[in-house]
Amino acid sequence: MIQPDDDYFMKAALLEAKQAYEEDEIPVGAVIVCNQRIIARGHNMTETLNDVTAHAEILAITSAANFLGSKYLNDCTLYVTLEPCAMCAGALFWSQISRVVYGAEDDKRGFTKVNTHMLHPKTEIKAGVMAVECSRLLMDYFSAKRK
């Protein structure tokens, strides 16, 4: 049996981002994986919920914690289409997530631009997975907004 890879799970995060796009939210999507299985999904809902903290990562973290019955996400991986912001990086730090994989870089608000040591010291980071596809969705969204 073939094991799903980072591209496979990033495609699932992209589906979440596309759902956000359809809901006129900034198209960022996230999934959390444990034991090669998606246990949580989220996409930006800041406009829908009128809540600045309703980022894809935060919603996915909450869902994963509820699924696992634990506030710690050890042995889990977050796949997110855009580099997490400082707020989301802080939540990921406290969750002690094992791995973060993101697609597009966020040159303005990404956590690596603010402070590269925002995640838990044991958290592995992988950037640039399907970055072109993730960036294209964001560019399409903002291009349509500027018309």
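Biologist: Why are α3 and α4 called roughly parallel to each other?
Modeller: Helix α3 (residues 56-68) and helix α4 (residues 86-95) pack at about 20°, and angles under 35 degrees count as roughly parallel, so α3 and α4 earn that description. This is a predicted model, with local features needing pLDDT of at least 70, side-chain atom pairs pLDDT 80 or more, and totals for chains, interfaces and linings using all residues. Numbering runs from 1 along each chain as its sequence is written, and side-chain values use heavy atoms, without hydrogens and water.

Biologist: What makes the contact between α3 and α4?
Modeller: Glu57, Ile58 and Ile61 of α3 meet Met87, Cys88, Ala91 and Leu92 of α4 (contact means heavy atoms within 4.5 Å). By class, six of these residues are nonpolar, none polar and one charged. The axes of α3 and α4 lie 9 Å apart.

Biologist: How do you know how α1 and α6 are oriented, parallel or perpendicular?
Modeller: Their angle is about 5°, with the axes 10 Å apart, so α1 is roughly parallel to α6. Met10, Leu14, Ala17, Lys18 and Tyr21 in α1 meet Glu133, Cys134, Leu137, Asp140, Tyr141 and Ala144 in α6. That contact has eight nonpolar, no polar and three charged residues.

Biologist: Which residues of the largest nonpolar core touch the most other members?
Modeller: Of its 39 residues, Met10, Ile32, Leu78 and Tyr79 do. Members of such a core are buried nonpolar residues joined through side-chain atoms within 4.5 Å, buried being under 20% relative accessible area with a 1.4 Å probe. The largest share, six residues, comes from α1. Ile32 touches residues including Ile38, Ala60, Ile61 and Leu78.

Methods. Axes are lines fitted to C-alpha atoms, for helices over the stretch in contact, and angles run from 0 to 180 degrees between N-to-C directions. Helices (H or I, at least four residues) and strands (E, at least two) are DSSP runs, numbered from the N terminus. Angles under 35 degrees count as roughly parallel, over 145 as roughly antiparallel, 65 to 115 as roughly perpendicular and the rest as oblique. Ala, Val, Leu, Ile, Met, Phe, Trp, Tyr, Cys and Pro count as nonpolar, Asp, Glu, Lys and Arg as charged, and the others, Gly among them, as polar. Buried means under 20% relative accessible area, exposed over 50%, partly exposed in between (1.4 Å probe, protein chains only). Lists of a residue's contacts leave out its neighbours within four places in sequence.
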